[in-house]
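Good morning, colleagues. Please have the sequence and the model open in front of you as I speak.

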Amino acid sequence: MALARVRELTYRYPGADRPALGSVSLDLYPGEVVCLLGPSGGGKSTLLRALAGLVPHFHGGVLSGSVEVAGIDTRRTRPAELAGTVASVFQDPEDQVVLTGVEAEIAFGLENVGTPPSQIEPRVATALDMAGVRHLSARRTQELSAGELQRVCIAAALALGPELLLLDEPTSQLDPDGAKGILDVACFGRAVVVSEQRPTLALERCGRVVFLEGGRLLLDAPRGEAIEWLGEHRPAYLPEMRLGADDQDAGSGEPLVRLEHVFYAYGTRHAVGPASLTLRRGEVVALVGPNGSGKTTLAKLAAGLLEPAGGAARLNGRAAYLSQDPGRYLVCERVDEEVALGVGGDLERAGRALELVDLAGYDSRHPRDLSSGERERLGLAAVLVTDPDVLILDEPTRGVDPERKALLARLLRANADRRATLVVTHDPVFAADVADRSVSLGAAREPAHV
(Lines give C-alpha, C1' and ligand atoms only; values in the text may rest on other atoms or scores of the structure.)
Protein backbone atom coordinates (compact mmCIF):
# COMPACT_ATOMS: atom_id res chain seq x y z
CA MET A 1 0.00 0.00 0.00
CA ALA A 2 1.33 3.44 -0.93
CA LEU A 3 2.58 5.69 1.86
CA ALA A 4 2.06 8.79 -0.29
CA ARG A 5 -0.12 9.41 -3.35
CA VAL A 6 0.23 12.39 -5.68
CA ARG A 7 -2.49 12.78 -8.30
CA GLU A 8 -2.53 15.34 -11.14
CA LEU A 9 -0.70 17.85 -8.99
CA THR A 10 -0.46 21.30 -10.57
CA TYR A 11 0.87 24.24 -8.59
CA ARG A 12 1.65 27.88 -9.31
CA TYR A 13 3.51 30.14 -6.86
CA PRO A 14 1.97 33.55 -6.09
CA GLY A 15 2.73 35.97 -8.92
CA ALA A 16 4.41 33.33 -11.08
CA ASP A 17 3.72 33.38 -14.81
CA ARG A 18 3.77 29.60 -15.19
CA PRO A 19 3.14 26.56 -12.97
CA ALA A 20 6.06 25.13 -11.01
CA LEU A 21 4.44 21.68 -11.35
CA GLY A 22 2.05 20.46 -14.03
CA SER A 23 -0.10 17.33 -13.74
CA VAL A 24 2.41 15.31 -11.69
CA SER A 25 1.27 11.89 -10.45
CA LEU A 26 3.25 9.29 -8.51
CA ASP A 27 3.11 6.91 -5.54
CA LEU A 28 5.71 6.44 -2.81
CA TYR A 29 5.94 3.19 -0.85
CA PRO A 30 7.21 2.40 2.66
CA GLY A 31 10.95 1.75 2.82
CA GLU A 32 11.79 2.75 -0.76
CA VAL A 33 14.51 5.23 -1.70
CA VAL A 34 13.65 7.51 -4.62
CA CYS A 35 16.26 9.69 -6.33
CA LEU A 36 14.66 12.92 -7.60
CA LEU A 37 16.60 14.50 -10.47
CA GLY A 38 16.17 17.36 -12.91
CA PRO A 39 17.51 20.78 -13.84
CA SER A 40 17.46 23.78 -11.53
CA GLY A 41 13.99 25.32 -11.48
CA GLY A 42 12.43 22.09 -12.75
CA GLY A 43 10.06 21.61 -9.81
CA LYS A 44 11.96 19.24 -7.51
CA SER A 45 11.86 21.43 -4.41
CA THR A 46 8.22 22.25 -5.06
CA LEU A 47 7.30 18.56 -5.17
CA LEU A 48 9.07 17.99 -1.85
CA ARG A 49 7.26 20.96 -0.34
CA ALA A 50 3.95 19.55 -1.55
CA LEU A 51 4.70 16.19 0.09
CA ALA A 52 5.48 18.04 3.33
CA GLY A 53 2.26 20.06 3.13
CA LEU A 54 4.18 23.35 2.83
CA VAL A 55 2.59 23.85 -0.59
CA PRO A 56 0.19 25.59 -0.53
CA HIS A 57 -0.23 26.23 3.23
CA PHE A 58 3.09 28.03 3.77
CA HIS A 59 3.94 29.31 0.29
CA GLY A 60 0.43 30.27 -0.85
CA GLY A 61 -0.32 30.08 -4.56
CA VAL A 62 -2.82 27.95 -6.45
CA LEU A 63 -2.90 24.15 -6.22
CA SER A 64 -5.05 21.60 -8.03
CA GLY A 65 -4.95 17.84 -7.83
CA SER A 66 -4.22 16.04 -4.57
CA VAL A 67 -1.44 14.91 -2.25
CA GLU A 68 -2.05 12.31 0.47
CA VAL A 69 0.56 11.14 2.97
CA ALA A 70 -0.23 8.27 5.36
CA GLY A 71 -3.89 8.71 4.42
CA ILE A 72 -3.85 12.44 5.26
CA ASP A 73 -5.00 14.92 2.62
CA THR A 74 -2.40 17.71 2.76
CA ARG A 75 -4.86 20.27 1.36
CA ARG A 76 -7.01 19.90 4.50
CA THR A 77 -4.23 19.38 7.02
CA ARG A 78 -1.70 21.89 8.31
CA PRO A 79 1.99 20.95 7.94
CA ALA A 80 2.38 20.81 11.73
CA GLU A 81 -0.01 17.85 11.84
CA LEU A 82 2.29 15.95 9.45
CA ALA A 83 5.35 16.55 11.64
CA GLY A 84 6.75 13.26 12.84
CA THR A 85 5.19 11.42 9.90
CA VAL A 86 7.09 13.56 7.40
CA ALA A 87 10.44 15.29 8.01
CA SER A 88 12.23 17.61 5.61
CA VAL A 89 15.77 18.87 5.18
CA PHE A 90 15.76 21.98 3.00
CA GLN A 91 18.28 23.18 0.42
CA ASP A 92 19.43 26.03 2.64
CA PRO A 93 20.15 24.77 6.18
CA GLU A 94 20.81 28.35 7.28
CA ASP A 95 17.11 29.08 6.79
CA GLN A 96 15.96 25.96 8.64
CA VAL A 97 17.74 26.38 11.95
CA VAL A 98 15.63 27.97 14.71
CA LEU A 99 17.72 27.79 17.90
CA THR A 100 21.29 28.75 18.75
CA GLY A 101 22.45 25.48 20.33
CA VAL A 102 23.01 22.23 18.43
CA GLU A 103 21.37 19.96 21.02
CA ALA A 104 18.49 22.39 21.49
CA GLU A 105 17.94 22.53 17.72
CA ILE A 106 17.64 18.74 17.47
CA ALA A 107 15.38 18.57 20.53
CA PHE A 108 13.11 21.32 19.19
CA GLY A 109 11.26 19.11 16.72
CA LEU A 110 10.80 16.34 19.28
CA GLU A 111 9.29 18.79 21.74
CA ASN A 112 6.91 20.10 19.11
CA VAL A 113 5.51 16.64 18.31
CA GLY A 114 4.91 15.89 21.98
CA THR A 115 7.72 13.42 22.62
CA PRO A 116 7.79 12.41 26.31
CA PRO A 117 10.55 14.38 28.07
CA SER A 118 12.29 11.21 29.22
CA GLN A 119 12.80 10.17 25.59
CA ILE A 120 14.10 13.45 24.20
CA GLU A 121 17.67 13.33 25.49
CA PRO A 122 18.41 9.75 24.34
CA ARG A 123 16.83 10.41 20.93
CA VAL A 124 18.92 13.57 20.51
CA ALA A 125 22.05 11.59 21.39
CA THR A 126 21.16 8.84 18.91
CA ALA A 127 20.52 11.39 16.14
CA LEU A 128 23.83 13.13 16.84
CA ASP A 129 25.61 9.80 16.46
CA MET A 130 23.71 8.85 13.30
CA ALA A 131 24.63 12.14 11.62
CA GLY A 132 28.21 12.00 12.85
CA VAL A 133 27.98 15.28 14.78
CA ARG A 134 28.28 14.19 18.42
CA HIS A 135 31.43 16.33 18.66
CA LEU A 136 29.32 19.40 17.79
CA SER A 137 26.72 18.85 20.52
CA ALA A 138 27.84 21.74 22.73
CA ARG A 139 28.47 24.18 19.85
CA ARG A 140 26.39 27.16 18.81
CA THR A 141 24.76 26.83 15.40
CA GLN A 142 26.10 30.23 14.31
CA GLU A 143 29.66 28.94 14.72
CA LEU A 144 29.27 25.94 12.43
CA SER A 145 30.49 25.60 8.87
CA ALA A 146 27.82 25.20 6.22
CA GLY A 147 28.51 21.46 5.98
CA GLU A 148 28.35 21.01 9.75
CA LEU A 149 25.07 22.91 9.83
CA GLN A 150 23.70 20.67 7.09
CA ARG A 151 24.54 17.62 9.20
CA VAL A 152 22.78 19.12 12.23
CA CYS A 153 19.62 19.68 10.17
CA ILE A 154 19.77 16.07 9.00
CA ALA A 155 20.18 14.93 12.62
CA ALA A 156 17.11 16.96 13.62
CA ALA A 157 15.08 15.23 10.91
CA LEU A 158 16.36 11.75 11.81
CA ALA A 159 15.53 12.31 15.48
CA LEU A 160 11.83 12.48 14.58
CA GLY A 161 11.90 8.93 13.18
CA PRO A 162 9.66 9.90 10.23
CA GLU A 163 7.91 7.45 7.93
CA LEU A 164 8.80 9.72 4.98
CA LEU A 165 12.08 11.66 4.86
CA LEU A 166 12.41 14.42 2.25
CA LEU A 167 15.98 15.51 1.49
CA ASP A 168 16.57 18.54 -0.74
CA GLU A 169 20.25 18.63 -1.75
CA PRO A 170 21.36 16.98 1.52
CA THR A 171 25.00 16.52 0.47
CA SER A 172 25.55 19.82 -1.37
CA GLN A 173 27.96 21.06 1.31
CA LEU A 174 29.37 17.77 2.57
CA ASP A 175 32.75 16.32 1.75
CA PRO A 176 32.62 13.00 -0.20
CA ASP A 177 33.18 10.73 2.82
CA GLY A 178 30.62 12.63 4.86
CA ALA A 179 28.11 12.50 2.01
CA LYS A 180 28.43 8.73 1.73
CA GLY A 181 27.96 8.23 5.45
CA ILE A 182 24.97 10.50 5.81
CA LEU A 183 23.15 8.96 2.84
CA ASP A 184 23.79 5.46 4.17
CA VAL A 185 22.17 6.43 7.47
CA ALA A 186 19.31 8.47 6.01
CA CYS A 187 18.34 5.88 3.40
CA PHE A 188 17.84 3.03 5.85
CA GLY A 189 14.54 1.84 7.29
CA ARG A 190 12.19 4.51 5.93
CA ALA A 191 10.79 5.94 2.72
CA VAL A 192 13.18 8.58 1.39
CA VAL A 193 12.95 11.04 -1.49
CA VAL A 194 16.34 12.60 -2.11
CA SER A 195 16.78 15.45 -4.59
CA GLU A 196 20.39 15.74 -5.71
CA GLN A 197 22.53 17.65 -8.19
CA ARG A 198 25.52 15.46 -7.27
CA PRO A 199 23.60 12.33 -8.26
CA THR A 200 26.26 9.62 -8.19
CA LEU A 201 25.87 8.63 -4.52
CA ALA A 202 22.09 8.90 -4.54
CA LEU A 203 21.84 6.77 -7.69
CA GLU A 204 23.95 4.08 -6.02
CA ARG A 205 21.52 3.87 -3.10
CA CYS A 206 18.11 4.31 -4.69
CA GLY A 207 15.73 1.76 -6.12
CA ARG A 208 13.85 4.22 -8.29
CA VAL A 209 14.46 7.47 -10.16
CA VAL A 210 12.06 10.34 -10.84
CA PHE A 211 13.09 13.06 -13.31
CA LEU A 212 11.32 16.45 -13.37
CA GLU A 213 11.90 19.12 -16.00
CA GLY A 214 9.86 22.26 -16.53
CA GLY A 215 7.46 21.05 -13.85
CA ARG A 216 6.65 17.89 -15.83
CA LEU A 217 7.37 14.28 -14.93
CA LEU A 218 9.63 12.94 -17.68
CA LEU A 219 10.69 9.71 -15.99
CA ASP A 220 9.51 7.47 -13.15
CA ALA A 221 11.30 4.14 -13.39
CA PRO A 222 13.29 1.51 -11.47
CA ARG A 223 16.98 2.31 -11.13
CA GLY A 224 18.25 0.03 -13.91
CA GLU A 225 15.77 1.30 -16.47
CA ALA A 226 16.37 4.88 -15.33
CA ILE A 227 20.14 4.57 -15.76
CA GLU A 228 19.60 3.55 -19.39
CA TRP A 229 17.20 6.46 -19.94
CA LEU A 230 19.62 8.95 -18.40
CA GLY A 231 22.48 7.62 -20.49
CA GLU A 232 20.45 8.17 -23.65
CA HIS A 233 18.60 11.39 -22.82
CA ARG A 234 20.47 13.17 -19.97
CA PRO A 235 24.04 11.80 -19.92
CA ALA A 236 25.33 14.67 -17.77
CA TYR A 237 23.58 13.03 -14.82
CA LEU A 238 25.85 9.99 -15.16
CA PRO A 239 29.30 11.59 -14.86
CA GLU A 240 32.43 9.57 -15.31
CA MET A 241 34.59 9.97 -12.24
CA ARG A 242 37.93 11.42 -13.29
CA LEU A 243 40.71 12.11 -10.84
CA GLY A 244 42.31 15.52 -10.94
CA ALA A 245 46.01 15.89 -10.35
CA ASP A 246 46.24 16.97 -6.71
CA ASP A 247 48.85 19.41 -5.47
CA GLN A 248 50.62 19.88 -8.78
CA ASP A 249 53.24 22.59 -9.00
CA ALA A 250 51.69 26.02 -9.45
CA GLY A 251 51.81 27.60 -12.88
CA SER A 252 54.24 30.27 -13.98
CA GLY A 253 51.80 33.18 -14.16
CA GLU A 254 51.99 36.37 -12.12
CA PRO A 255 51.31 35.70 -8.42
CA LEU A 256 48.11 37.52 -7.44
CA VAL A 257 47.58 36.03 -3.96
CA ARG A 258 50.22 34.93 -1.48
CA LEU A 259 49.25 33.49 1.87
CA GLU A 260 52.31 32.69 3.96
CA HIS A 261 51.84 30.66 7.15
CA VAL A 262 48.50 32.34 7.88
CA PHE A 263 46.21 31.25 10.66
CA TYR A 264 42.89 32.50 11.93
CA ALA A 265 40.61 31.92 14.91
CA TYR A 266 37.05 32.95 15.71
CA GLY A 267 37.47 34.01 19.32
CA THR A 268 39.10 31.04 21.02
CA ARG A 269 38.13 28.55 18.29
CA HIS A 270 40.91 27.71 15.85
CA ALA A 271 39.62 27.90 12.27
CA VAL A 272 42.56 27.39 9.93
CA GLY A 273 46.33 27.35 9.71
CA PRO A 274 49.14 27.65 9.64
CA ALA A 275 48.63 27.45 5.88
CA SER A 276 50.38 28.81 2.80
CA LEU A 277 48.89 29.22 -0.65
CA THR A 278 49.83 31.01 -3.86
CA LEU A 279 47.34 31.80 -6.63
CA ARG A 280 48.67 32.84 -10.03
CA ARG A 281 47.06 34.50 -13.00
CA GLY A 282 45.99 31.91 -15.54
CA GLU A 283 45.28 29.04 -13.16
CA VAL A 284 42.17 27.54 -11.59
CA VAL A 285 42.75 25.96 -8.19
CA ALA A 286 40.29 23.70 -6.36
CA LEU A 287 40.34 23.93 -2.57
CA VAL A 288 39.07 20.69 -1.04
CA GLY A 289 38.88 19.06 2.38
CA PRO A 290 36.42 17.82 5.01
CA ASN A 291 33.69 19.95 6.55
CA GLY A 292 34.97 22.26 9.26
CA SER A 293 38.59 22.17 8.04
CA GLY A 294 38.67 25.91 7.33
CA LYS A 295 38.17 26.13 3.57
CA THR A 296 35.79 29.10 3.71
CA THR A 297 38.02 30.92 6.19
CA LEU A 298 41.07 30.40 3.98
CA ALA A 299 39.11 31.61 0.95
CA LYS A 300 38.11 34.79 2.81
CA LEU A 301 41.74 35.36 3.78
CA ALA A 302 42.71 35.03 0.12
CA ALA A 303 39.99 37.52 -0.87
CA GLY A 304 41.10 40.04 1.74
CA LEU A 305 37.82 39.77 3.63
CA LEU A 306 39.60 38.59 6.79
CA GLU A 307 42.91 39.70 8.26
CA PRO A 308 45.07 36.77 9.42
CA ALA A 309 45.84 36.52 13.12
CA GLY A 310 49.35 35.53 12.12
CA GLY A 311 51.43 35.12 9.00
CA ALA A 312 51.21 37.31 5.90
CA ALA A 313 48.50 37.75 3.26
CA ARG A 314 49.20 39.68 0.06
CA LEU A 315 46.67 40.49 -2.66
CA ASN A 316 47.73 42.04 -5.97
CA GLY A 317 44.69 43.41 -7.82
CA ARG A 318 40.94 43.31 -7.25
CA ALA A 319 39.26 40.26 -5.74
CA ALA A 320 35.64 39.13 -6.03
CA TYR A 321 34.19 36.57 -3.62
CA LEU A 322 31.02 34.49 -4.12
CA SER A 323 29.73 33.18 -0.80
CA GLN A 324 28.27 29.73 -0.14
CA ASP A 325 24.76 31.11 0.02
CA PRO A 326 24.52 34.19 -2.24
CA GLY A 327 20.74 34.24 -1.84
CA ARG A 328 21.21 35.69 1.64
CA TYR A 329 22.80 38.85 0.22
CA LEU A 330 20.29 39.82 -2.45
CA VAL A 331 19.07 43.40 -2.04
CA CYS A 332 17.44 44.50 -5.32
CA GLU A 333 13.95 44.02 -6.74
CA ARG A 334 15.13 42.90 -10.20
CA VAL A 335 17.72 40.39 -11.37
CA ASP A 336 19.47 42.82 -13.74
CA GLU A 337 19.70 45.52 -11.08
CA GLU A 338 21.24 43.01 -8.65
CA VAL A 339 24.03 42.20 -11.12
CA ALA A 340 24.52 45.86 -12.06
CA LEU A 341 25.23 46.85 -8.44
CA GLY A 342 28.91 46.03 -8.80
CA VAL A 343 29.38 48.09 -11.97
CA GLY A 344 27.70 51.35 -11.10
CA GLY A 345 24.26 50.35 -12.36
CA ASP A 346 25.41 49.45 -15.88
CA LEU A 347 22.48 47.29 -17.05
CA GLU A 348 24.11 46.53 -20.40
CA ARG A 349 27.09 44.88 -18.71
CA ALA A 350 24.71 43.14 -16.32
CA GLY A 351 22.79 41.69 -19.29
CA ARG A 352 25.98 40.27 -20.80
CA ALA A 353 26.91 38.68 -17.46
CA LEU A 354 23.45 37.11 -17.19
CA GLU A 355 23.86 35.61 -20.64
CA LEU A 356 27.14 34.02 -19.53
CA VAL A 357 25.36 32.11 -16.74
CA ASP A 358 22.33 31.16 -18.83
CA LEU A 359 19.96 33.63 -17.17
CA ALA A 360 19.17 35.73 -20.25
CA GLY A 361 15.53 36.79 -20.16
CA TYR A 362 15.42 36.79 -16.35
CA ASP A 363 16.18 40.54 -16.15
CA SER A 364 12.85 41.65 -14.68
CA ARG A 365 12.37 38.67 -12.33
CA HIS A 366 12.60 39.20 -8.59
CA PRO A 367 15.81 37.50 -7.33
CA ARG A 368 13.95 35.74 -4.54
CA ASP A 369 11.55 34.15 -6.99
CA LEU A 370 14.42 32.14 -8.48
CA SER A 371 15.25 28.56 -7.55
CA SER A 372 18.28 27.86 -5.37
CA GLY A 373 20.37 26.91 -8.40
CA GLU A 374 19.24 30.00 -10.29
CA ARG A 375 20.16 32.23 -7.34
CA GLU A 376 23.58 30.59 -7.31
CA ARG A 377 24.04 31.52 -10.97
CA LEU A 378 22.75 35.03 -10.28
CA GLY A 379 25.42 35.41 -7.60
CA LEU A 380 28.02 34.20 -10.07
CA ALA A 381 26.92 36.80 -12.63
CA ALA A 382 27.16 39.49 -9.94
CA VAL A 383 30.86 38.72 -9.34
CA LEU A 384 31.83 37.95 -12.95
CA VAL A 385 30.46 41.29 -14.15
CA THR A 386 33.19 43.11 -12.17
CA ASP A 387 35.95 41.32 -14.17
CA PRO A 388 38.16 40.77 -11.09
CA ASP A 389 41.85 39.83 -11.06
CA VAL A 390 41.13 37.18 -8.41
CA LEU A 391 37.88 35.21 -8.50
CA ILE A 392 37.00 33.16 -5.42
CA LEU A 393 33.94 30.91 -5.53
CA ASP A 394 32.75 29.11 -2.39
CA GLU A 395 30.69 26.03 -3.34
CA PRO A 396 29.51 27.51 -6.68
CA THR A 397 27.76 24.27 -7.76
CA ARG A 398 25.41 24.12 -4.78
CA GLY A 399 21.94 23.44 -6.22
CA VAL A 400 23.23 23.57 -9.82
CA ASP A 401 22.28 20.72 -12.16
CA PRO A 402 25.01 18.66 -13.89
CA GLU A 403 24.53 20.20 -17.33
CA ARG A 404 24.99 23.72 -15.99
CA LYS A 405 27.96 22.57 -13.90
CA ALA A 406 29.62 21.56 -17.16
CA LEU A 407 28.80 24.99 -18.62
CA LEU A 408 30.28 26.67 -15.54
CA ALA A 409 33.46 24.61 -15.83
CA ARG A 410 33.82 25.63 -19.48
CA LEU A 411 33.16 29.28 -18.61
CA LEU A 412 35.82 29.32 -15.89
CA ARG A 413 38.33 27.53 -18.12
CA ALA A 414 37.65 29.85 -21.09
CA ASN A 415 38.48 32.92 -18.98
CA ALA A 416 41.19 31.39 -16.81
CA ASP A 417 44.03 33.35 -18.40
CA ARG A 418 42.47 36.66 -17.32
CA ARG A 419 42.64 36.01 -13.59
CA ALA A 420 43.51 33.68 -10.73
CA THR A 421 40.54 31.50 -9.74
CA LEU A 422 40.03 29.63 -6.47
CA VAL A 423 37.08 27.23 -6.25
CA VAL A 424 36.08 25.81 -2.85
CA THR A 425 34.17 22.61 -3.54
CA HIS A 426 33.05 19.24 -2.23
CA ASP A 427 32.17 18.12 -5.76
CA PRO A 428 35.03 15.87 -6.99
CA VAL A 429 33.70 15.66 -10.55
CA PHE A 430 33.50 19.44 -10.87
CA ALA A 431 36.96 19.85 -9.31
CA ALA A 432 38.43 17.42 -11.83
CA ASP A 433 36.71 19.19 -14.72
CA VAL A 434 37.66 22.75 -13.83
CA ALA A 435 40.93 22.82 -11.89
CA ASP A 436 44.57 22.89 -12.97
CA ARG A 437 45.48 21.66 -9.52
CA SER A 438 43.86 20.88 -6.17
CA VAL A 439 45.03 21.77 -2.70
CA SER A 440 43.69 20.06 0.40
CA LEU A 441 43.01 21.18 3.93
CA GLY A 442 43.23 18.61 6.68
CA ALA A 443 40.66 17.62 9.30
CA ALA A 444 39.01 20.24 11.47
CA ARG A 445 41.19 21.82 14.18
CA GLU A 446 44.39 20.37 12.73
CA PRO A 447 47.17 22.54 11.25
CA ALA A 448 46.78 22.69 7.47
CA HIS A 449 49.56 22.56 4.93
CA VAL A 450 48.64 23.45 1.35
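In helix α1, the buried residues are Lys44, Ser45, Thr46, Leu47, Leu48, Ala50 and Leu51. Please bear in mind throughout that this is a predicted model. The helix spans residues 44-51 and is mostly covered, with 7 of its 8 residues buried. Just after α1 comes Gly53, whose phi is positive, at about 80°. As a general point, an α-helix has 3.6 residues a turn, so residues three or four places apart point the same way.

I turn now to the aromatic residues. How many aromatic pairs does the structure hold? There are 4 of them. In one, Tyr11 and Tyr13 have ring centres 4.8 Å apart; the planes stand at 80°, so this pair is edge-to-face. Tyr11 and Tyr13 are both buried.

Another pair consists of Phe211 and Tyr237, again edge-to-face, with 5.2 Å from centre to centre and 80° between the planes. Which parts of the chain does this pair tie together? Phe211 belongs to strand β9, residues 208-213, whereas Tyr237 sits in the loop between α9 (223-233) and β11 (255-266), so the contact ties together parts that are 26 residues apart in sequence. Phe211 and Tyr237 are each buried. Ring pairs also bring in Trp229, giving a cluster of Phe211, Trp229 and Tyr237.

Strand β9 deserves a further word. Its partner is β10, residues 216-222; the two strands run antiparallel and are joined by 6 bridges. Together β9 and β10 make a hairpin with 2 residues between them, and in the turn Gly214 has a positive phi of about 60°. Across the hairpin, Leu212 stands opposite Leu217 of β10. In general, the side chains of a regular strand alternate between the two faces of the sheet.

Next, Glu283. Where is this residue found? Glu283 is in the loop between β12 and β13, the latter comprising residues 284-288. Is Glu283 buried or exposed? Its relative accessibility is 5%, and the cut-off for buried is under 20%, so Glu283 counts as buried. A polar atom of the Glu283 side chain lies 3.0 Å from the backbone nitrogen of Arg280.

Let me close with the pockets and cavities. The second largest pocket contains about 880 Å³ of space. Its lining comprises 37 residues, and those nearest the centre are Leu144, Ser145, Ala146, Thr296 and Gln324. Three elements each contribute two or more residues to this lining: α6 (146-159), β12 (269-280) and α10 (295-303). Sorted by class, the lining of this pocket has 10 nonpolar, 15 polar and 12 charged residues.

As for enclosed space, there are 3 cavities of 30 Å³ or more. The largest cavity holds about 50 Å³. Which residues line the largest cavity? They are Asp92, Gln324, Asp325, Pro326, Gly327, Ser372, Arg375, Glu376 and Arg398. By class, that lining divides into 1 nonpolar, 3 polar and 5 charged residues. Gln324 thus appears in two places in this account: it lines the largest cavity, and it is among the residues nearest the centre of the second largest pocket.

Note on methods: Residues are numbered from 1 along each chain as its sequence is written. This is a predicted model: local features need pLDDT of at least 70, side-chain atom pairs count only at pLDDT 80 or more; totals for chains, interfaces and linings use all residues. Side-chain values use heavy atoms; hydrogens and water are left out. Rings of Phe, Tyr and Trp (its six-membered ring) pair if their centres lie within 6.5 Å; planes under 30 degrees apart count as stacked, over 60 as edge-to-face and the rest as tilted. Buried means under 20% relative accessible area, exposed over 50%, partly exposed in between (1.4 Å probe, protein chains only). Helices (H or I, at least four residues) and strands (E, at least two) are DSSP runs, numbered from the N terminus. On a 1 Å grid over the protein atoms alone, a cavity is a set of points where a 1.4 Å probe fits but cannot get out, and a pocket is an open set with protein on both sides within 12 Å along at least five of seven lines; lining residues have an atom within 4 Å of a point. Grid points are joined across faces, edges and corners, and a volume is the space filled by probe spheres set on the points. Ala, Val, Leu, Ile, Met, Phe, Trp, Tyr, Cys and Pro count as nonpolar, Asp, Glu, Lys and Arg as charged, and the others, Gly among them, as polar. A polar contact is a pair of N or O atoms within 3.5 Å; within protein, one must be able to donate a hydrogen and the other to accept it, and residues adjacent in sequence count only if both atoms are side-chain atoms. Two strands pair if DSSP finds at least two bridges between them.
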